[in-house]
Amino acid sequence: MDRRTFLTQASGCAASASLLAAGCHFEPITSDNTKTIEVAVFEGGFGIEWHKDMARRYEALHPGVKVNLWGDPRVDEKIKPRVLRRNPPDLASCTLPVWKLITAGRLYPMDDALSSPAYGADGKTWKETLRAGVLADYVYEDKTYALPSNLGVWACWYSKKLFREHGWDAPSTWGEMTALCEKMLAAGIAPLAFQGKYPQYAWSTILSCYQRLVPFEKWYDIEDFKKGAFQDPAFVKAADLMRELAVKYFQKGALAMTHTESQMEWANGRAGMVFCGLWLKKEMEKALPDDFEMGCFPVPMVTGGLGDPKAIYSGGGESFFIFKDGKHPEIAADFLKFLLSIEPARDYVKRNDSLTPVIDCQVGVTISSALQSAVDAIEGSTRMYSDRLSTLYIEWHRTLVQQAQADLLRGAITGQQFGDRLEAGAEAVRNNPNIYKPPARGVPAL
Amino acid sequence: MSQQHLNRDTKRFLWIGILPSALLYGLFVIWPAINALMYSFTRWDGLSTPAWIGLDNFTNLFKSGSDFATAIGHNIYLTVVPGGIILTLALFFAWMIHLKVAGSTLFRVTFFFPNVIASVAVALLWVLLYSTTEMGPINNIRQALHLEKIPFLESARLLQSIVPMMVWSATGFYLVLFLAAMENIPADYYEAAHLDGASPTLQFIRITLPLMWDVLTTGIIFLIVGGLKFFDAVWVMENGRPSPATHTMSSLMYAKVFEEYNVGYGTAIAVLLFLLVLVVTRISMRLLKRERLEY
């Protein structure tokens, strides 16, 4: 081989090797007909151990299927570019611009699976085994595109032991709440921990306050994005109540704390209470002292308010989506049906001390006092309600609402200015023909 | 060797050698850049068919109160404030070490040390330093002195908090850069100036600065480009969710494309960022141009 030939061939080999290394992806070749589905799970407070075990159980039931399940606290950042590259996993629970995906036809509807027989519930379809209302938030042109994997409750959490020691009672009115905060301050305890690096943690409390002030006919005006809804005097009052709570009673430095840092302050007794979802116990499991008795109460009634005092802010969380671009969407739907069937759901309650959208998932399961107090709050409620604006109008919520909340919580703006800012942003959304707006739904039937 | 002296075989050899790199560069840099430029003229969510909207994305970027206008303000702040401090401190310390003050070797290593830590690790380290929990040493000291805790990491003051971090992590690099330039200047010039009675300050202004001007210009360009592209510390310190109070152009571009699937608008930011870096660098080079001094 002369020098010229050698160099030509060497360059060719180098180029080929570089291209292969950079761009090609090899699928493992299997001799059988095993089908593999990829499932990506948000690894938050509840972890992914339950999901992994259920995947193994599903594989045992379906020998021809392999479930490649992985989780990450930042699963969103990994999935979002893959969705754009048309290479998503089959099934994922993460925060996505869902409505863009739904309206662009990139998600796989779950209706066929929902009307098929459920696992472990003879004679019932999958849909019939799920709590009413959990499917409502992601319905588009009569098709369902997402399913929550857990049932959340927004509540204020406290240590029963701490309350007993000081002779404090869980408040039932806003006045009692602020009086309790004053007592905590006097006792040298910061009344409220807050996940300040994520100002959106205030959103559910603001909406709950607003619910206490107005009948549901008015409250759902916000959800339906009706003109002027955010400038309603009662909404402004709800924002002002939140502002007062933040300025007077949040732990010093709370606005610079992450969710785990602030919740750790609460777990260690340096803060008396914290507003959070049902995932709090599991998320802080390793940090809570052995004798820690968690209790919770819903957002207190505002004296003189016209809202239902027994309604509770609650709904599905950590929703799963099936991608049309996935390799096996039908199998993914079936795996999700298995995840949200009665036996796995009871296992979920047992392990995660939380609830799922499957009816009676907690029946026959010994649950902790913390979960019991949440179950009591749900069972004692007249209506469960939740918000869908954060997923519908993602840009409005992630930028304008997040910033407005941060400013409200540090006392830089008033409730009126907060309402005005949200309304101005909402008006821009209303006037933007490129943003999908669902039909107004009013107050959902119970 | 001039081009006419290259024989045919050598030319072919060179082309074959360049080809793999050129192909890869074209495939992974030029082609995506051309695509990005095209997408910047469209309204596109990355999912459906792009719709041509001409310059709308670019006009929206400069609308009053737009998120981009705020972000560019943050980039200017992160270029000018830490950049000015870094440049001053690096020059001062390099000059001190050059004058061989006591312990100068130790200082050289100590100042350069933060530069070997990855930027994400630096950000995480400062998150810990700034923490308002009992993990944060700065606030613990304040508390011990009966002073209020400062929420350094709160979005509203995060950009100010990033300044000391940038100064700490970057000064060493510029110090070494400037020191190398200073040490290349022949000692005879300083000896002659000393004999003529010039003070160290005068020697610095009249000899050191003019003779290291090219290196200083390079340092300034590095700082400008770094400030305009700033991303990682904001992303880490905001836990991947920067707010309008903290977004820089790069983090906004990422959020628009990958978080909100607003690909057209996001790529318009990318195109503008590219042009901005190009133009600002060019202007800076022209403004800083001086007659080259040979020694």
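The exercises below work through a predicted model with chains A and B.

**Exercise 1. Confidence**

Task: State the overall scores of the model, then find where confidence is lowest and where it is highest in chain B.

Solution:
- Step 1. For the model, ipTM is 0.83 and pTM is 0.86.
- Step 2. The average pLDDT of chain B is 92, and 97% of its residues score at least 70.
- Step 3. Within chain B, helix H4 (residues 104–112) has the lowest confidence, with a mean of 83. The highest belongs to helix H5 (residues 119–130) of chain B, at 96.

**Exercise 2. The contact between the chains**

Task: Describe the side of chain B that touches chain A, by element and by residue class.

Solution:
- Step 1. Chain B gives 37 residues to the contact and chain A gives 38 residues.
- Step 2. On the chain B side, the elements that supply two or more residues are helix H1 (8–39), helix H7 (155–183) and helix H12 (249–259) of chain B.
- Step 3. H1(B) provides the largest share of that side, eight residues.
- Step 4. Sorted by class, the chain B side holds 15 nonpolar, twelve polar and ten charged residues.

**Exercise 3. Helix H10 of chain B**

Task: Check the length of helix H10 (residues 213–228) of chain B against the expected span, then work out how its buried residues are arranged around the axis.

Solution:
- Step 1. Helix H10 of chain B has 16 residues, and at 1.5 Å a residue it should span 22 Å. The end C-alpha atoms are 22 Å apart, so the two values agree.
- Step 2. The buried residues of H10(B) are Leu216(B), Gly219(B), Leu223(B), Ile224(B), Gly227(B) and Leu228(B).
- Step 3. Viewed down the axis of H10(B), these buried residues fall within an arc of 165°, so they line one face of the helix.
- Step 4. As background, residues three or four places apart in an α-helix point the same way, because there are 3.6 residues a turn.
- Step 5. The cover over the buried residues of H10(B) includes helix H3 (67–98), H7, H12 and helix H13 (263–287) of chain B.

**Exercise 4. Positive phi outside glycine**

Task: For Asp360(A) and Asn239(B), give phi, the location and the degree of exposure.

Solution:
- Step 1. Asp360(A) is not a glycine, yet its phi is positive, near 65°.
- Step 2. Asp360(A) sits in the loop between helix H14 (342–352) and helix H15 (369–379) of chain A.
- Step 3. With 13 other C-beta atoms within 10 Å, Asp360(A) is partly exposed.
- Step 4. Asn239(B), also other than glycine, has a positive phi near 55°.
- Step 5. The loop between helix H11 (232–237) and H12 of chain B contains Asn239(B).
- Step 6. Asn239(B) has 15 other C-beta atoms within 10 Å and is therefore partly exposed.

How values were computed
Residues numbered from 1 in each chain as written. Chains lettered and ligands numbered in written order. Predicted model: local features only at pLDDT ≥ 70, side-chain atom pairs only at ≥ 80, totals over all residues. pLDDT = per-residue confidence, 0-100. Helix = DSSP H or I, 4+ residues; strand = E, 2+ residues; numbered from the N terminus. Contact = placed C-beta atoms within 7 Å. Nonpolar A, V, L, I, M, F, W, Y, C, P; charged D, E, K, R; others polar. Expected span 1.5 Å × (residues − 1). Buried ≥ 20, exposed ≤ 12 C-beta atoms within 10 Å, placed from the backbone. Arc of directions from axis to C-beta.
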